[in-house]
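Q: Please take a close look at one helix pair in this model and how the two helices pack. Then follow the contacts and surface features elsewhere in the chain.

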Amino acid sequence: MRTLRFLLRKEFLQIFRDRFMVLQMLLMPIIQLLLLSSAATFEIKTAQMYVVDRDHSETSRGLVDRLQASRRFIVVGASPSTEPANELMLARKVGVILSIPGDFERDIVRTHSSSVQLIINAEDGAAAGVTQSYAAQIITAYANELGAELTPRVSTTPPIEVRARGWYNPELNYRDYMVPGILVQLVTVIGTLMTAMNIVREKELGTLDQLSVTPLSQSVFMAAKLIPFWLIALVELTLGLLVARFVFHIPMLGSITLVYAAAAVYLIAALGIGLFISTLVETQQQAMFVTFFIIMVYLLMSGLFTPVRSMPEWAQWMAQLNPVKHFIAIMRSILLKGAGPADVAAPIGVLGIFGAVFLTLAVRQYGRRVG
C-alpha cells in the first residue's frame, strides 16, 4: 500500500502539473455537453415551406394560416406555379411544398372531401418523416374544424378513439433522452483516451524502462495508472450531472448513489480498455488514432443516436459486446425510469465482466512487453 500511495502521488502531480490537460479533462467535456445536448436531436423545430395555391379561397388561406400558426412551418414564398417551388427545393431553400388544387374549396362544400399535396425533401429520411407527421396532424385538425375529409383521410367520427400517454418522458422532450447518453460518451472519451496516452507517454520519456527494472509488481503499477483517471472521470460525471440537472432540467427519478455505483464499475472497463491500448502502441499519436477508432465504433453501436433494435440482427449481437451500450441503458433507466438495483443488476454484472477481462489483458500484455 505504501508503494501504491507514492505512485499515486506521483501520478497526480504529473497530471495536475499540465494545466492544459486538466482544462481539457474538466472543461472541454462540459462545453461539449452543452453543445451536443442542443445539437444532437431529431426534432424539427421549423421547416421552410413554399405554397402553390391554385384555389385562392378562404378555405385554402385558412389551411396555410393553420400551418404557419403552429410555428413549425415558415412560408417563404407563394405562387400558382410549381416551377419556382421546384427550383427552391433543388437549391435547398425550402423543405416543403404545399400544393392546393384549384377546386379545393368547391369540393369541400359539395362533397365534404378534398386533397392537398405535400412535397417534402426526403434526403434526410428521418427529418422528412417528422415533418410529414407535423403537417398531417395540423391538416387533420383543420379538417375536423371544417367537418370535411382532407388528405391524409381522417374521418370526423372515428370508430376507435386513441388516447396516448407517454411514460418516463411525458413531454416527449428529446433532450431528456439524449443527455444521459452524451454524459456516458464524454466520460468514455476522456477516461479511455487519457489512460491510453498515459503509459505511452511514459514509454516516450523513457521512465517506463526505468520502472521495469524496479521490484514493482505489475498489478500495483496498473492500479497507480488507473485510479487517478478513475477518480477524475467520476468528478467529470459529477459536473455533467449538475449541468444536466440545473441547466437542462433532466429528471433524475432514480438513486444517484446507484448511478455512481454503476459508473464505478463501468469506468473500470472503460479505463481498462485504455490501459490495454497503451500496451499495444508505441507513440501517443498511435494511441490517439486507435482509441478514437474503437470509441467511434462503440458510440455508433451503443444506441446513443439510433436504437439498437433497429440495427441488423448481426449488429445487435455485436452491440451486446459493447460496454458503452450497457452503461447508456443503465443511465437512462435510472434517471428517466427510476430503476432500482434489481432492474440494472444484469447490465452492471456484464460491465464487471468487461472490466475484469480488459484489466487482465492489460496486465498480461504489459508483462510480455517488459518481460
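A: Start with helix H3, residues 58-69, and helix H6, residues 125-146. In this predicted model, the two pack at an angle of about 135°. Their axes lie 10 Å apart. Two packed helices are described by exactly these terms, the angle between their axes and the distance between the axes. What class does the angle put H3 and H6 in? Roughly antiparallel begins over 145 degrees, and roughly perpendicular covers 65 to 115. H3 and H6 are therefore oblique to each other. The crossing has a hand as well: H3 passes H6 in a right-handed crossing.

A salt bridge joins this pair of helices. Arg66 and Glu145 meet through their side chains, at 2.8 Å from N to O. Arg66 sits in helix H3 and Glu145 in helix H6. The two residues are 79 residues apart, and the bridge links distant parts of the chain. Is Arg66 buried, partly exposed or exposed? Its relative accessibility is 33%, so Arg66 counts as partly exposed. The cut-offs behind that are under 20% for buried and over 50% for exposed.

How many salt bridges are there by the rule used here? The count comes to three. Besides the Arg66 and Glu145 bridge, Arg106 pairs with Asp103, their closest N and O atoms being 3.4 Å apart. Arg106 also meets Asp107 in a salt bridge, at 4.0 Å from N to O. The rule asks for a nitrogen within 4 Å of a carboxyl oxygen. Asp103, Arg106 and Asp107 are thus linked in a network of salt bridges. Arg106 takes part in both pairings, with Asp103 and with Asp107. Arg106 has 42% relative accessibility, so it counts as partly exposed. Asp103 has 27%, and it too counts as partly exposed.

Next, the surface. Leu23, Leu27, Met28, Ile31 and Leu35 make a nonpolar patch of about 460 Å². Take Met28 from that group. Met28 lies in helix H2, residues 19-39. Its relative accessibility is 38%. Met28 therefore counts as partly exposed. Patch residues need over 30% relative accessible area, and the 38% of Met28 goes with its place in the patch.

Two loop residues deserve a look for their backbone angles. Arg92 has a positive phi of about 60°, although it is not a glycine. Arg92 is placed in the loop between helix H4, 83-90, and strand E3, 96-100. With a relative accessible area of 62%, Arg92 is exposed. His249 is the other case: its phi is near 55°, a positive value in a residue other than glycine. His249 lies in the loop between helix H9, 218-246, and helix H10, 256-278. Its relative accessible area is 55%, so His249 is exposed. The cut-off for exposed is over 50%.

Some pairs separated along the chain remain. Thr82 lies in the loop between strand E2, 73-79, and H4. Thr82 and Ile97 are 15 residues apart in sequence. In space they are 8.6 Å apart, C-alpha to C-alpha. Thr82 has a relative accessible area of 29% and is partly exposed.

Tyr260 lies in helix H10. Its partner here is Leu237, 23 residues apart from Tyr260 along the chain. Their C-alpha atoms are separated by 8.6 Å. Tyr260 counts as partly exposed, at 26% relative accessibility.

Thr291 is in helix H11, residues 284-300. Is Thr291 buried or exposed? Its relative accessible area is 1%, so Thr291 is buried. Thr291 and Met197 are 94 residues apart along the chain. The separation between their C-alpha atoms is 9.2 Å.

Back to the helix pair. H3 and H6 pack at about 135° with axes 10 Å apart, and the salt bridge between Arg66 and Glu145 ties one helix to the other across 79 residues of chain.

Methods:
Residues numbered from 1 in each chain as written. Predicted model: local features only at pLDDT ≥ 70, side-chain atom pairs only at ≥ 80, totals over all residues. Heavy atoms only, no water. Patch = residues over 30% accessible without salt bridge, like charges linked within 9 Å, V, L, I, M, F, W, Y side chains within 5 Å. Areas by Shrake-Rupley, 256 points an atom, 1.4 Å probe, with all protein chains shown as cover. Helix = DSSP H or I, 4+ residues; strand = E, 2+ residues; numbered from the N terminus. Buried < 20%, exposed > 50% of the residue type's maximum accessible area, 1.4 Å probe, protein only. Axes fitted to C-alpha atoms, helices over the stretch in contact; angles between N-to-C directions. Parallel < 35°, antiparallel > 145°, perpendicular 65-115°, else oblique. Left-handed = near helix turned anticlockwise from the far one by under 90°.
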